[in-house]
Amino acid sequence: HSAHSAMSPLQFFIFIFICTPIAEEVLFRGFLQNILKPLKVKGIRIIKRYVSIPVIISAVAFGLVHLIVMTSGSGTLFVIRTVVFATTLGLIAGYYQEKYDNNAYAITVHMAGNFVALIAVLLASIMKYQMLC
């Protein structure tokens with residue numbers, strides 16, 4: 001993305017691994033999920049874990065916000081993978097936010113997810129470059 005290419009490596013690191021996770025987790029888990037807390041009694045079981053409606057709603061909203069990658073000219077498959085990954089990450093972060101009532105867990109999950117996503121993008125770029133050579 002052009003905004004990322006204008007950043008130094010240090011600025012990119014701070015943006016991807018510190019600023020974004022904190023800001024997004026405060027918004028989606030700290031605000032949205034907590035405002036929906038009265039709905040906490042309703043939910044579903046996913047892989048033997050109870051996942052409440054507030055966690056699901058905040059995770060889906062978090063995933064949908066990542067549709068912004070469409071503006072970067074990314075392909076449809078990349079956009080779908082990004083939204084699914086972000087929604088899954090949102091479910092995990094929301095689960096831990098709710099379980100421990102502490103946003104630090106959600107932020108840590110988010111930072112780890114950004115790291116995994118960055119590694120995946122770097123590997124895909126390397127593979128694409130090797131195919132062109």
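In which helix is the place of Ile56? In this predicted model, Ile56 belongs to helix α3, which covers residues 53-65. Although Ile56 and Gly43 stand 13 residues apart along the chain, their C-alpha atoms are separated by 8.2 Å. When the neighbours within four places in sequence are left aside, the residues in contact with Ile56 are Ile44, Val51 and Leu91.

Two of these contact partners, Val51 and Leu91, also appear in the lining of the second largest pocket, where they are joined by Ile46, Ile47, Arg49, Thr88, Ile92, Tyr95 and Tyr96. Two or more residues of this lining are given by each of β2 (49-52) and α4, and the largest share, five residues, comes from α4. By residue class, the lining of the second largest pocket consists of seven nonpolar residues, one polar residue and one charged residue, and the volume of this pocket is about 240 Å³.

The largest pocket, for its part, has a volume of about 1,400 Å³ and a lining of 36 residues, among which Val69, Phe78, Thr82, Ala117 and Val121 lie nearest its centre. At least two residues of the lining of the largest pocket are supplied by each of α1 (2-5), α2 (9-35), α4 (76-100) and α5 (103-132), with α5 giving the most, namely eleven residues. The composition of the lining of the largest pocket is 20 nonpolar, 13 polar and three charged residues. Helix α4 thus has a part in the linings of both the largest pocket and the second largest pocket.

Terms used: Residues numbered from 1 in each chain as written. Predicted model: local features only at pLDDT ≥ 70, side-chain atom pairs only at ≥ 80, totals over all residues. Heavy atoms only, no water. Helix = DSSP H or I, 4+ residues; strand = E, 2+ residues; numbered from the N terminus. Contact = heavy atoms within 4.5 Å. 1 Å grid on protein atoms, 1.4 Å probe; cavity = no way out; pocket = protein on both sides within 12 Å on 5 of 7 lines; lining within 4 Å. Points joined across faces, edges and corners; volume = space filled by probe spheres on them. Nonpolar A, V, L, I, M, F, W, Y, C, P; charged D, E, K, R; others polar.
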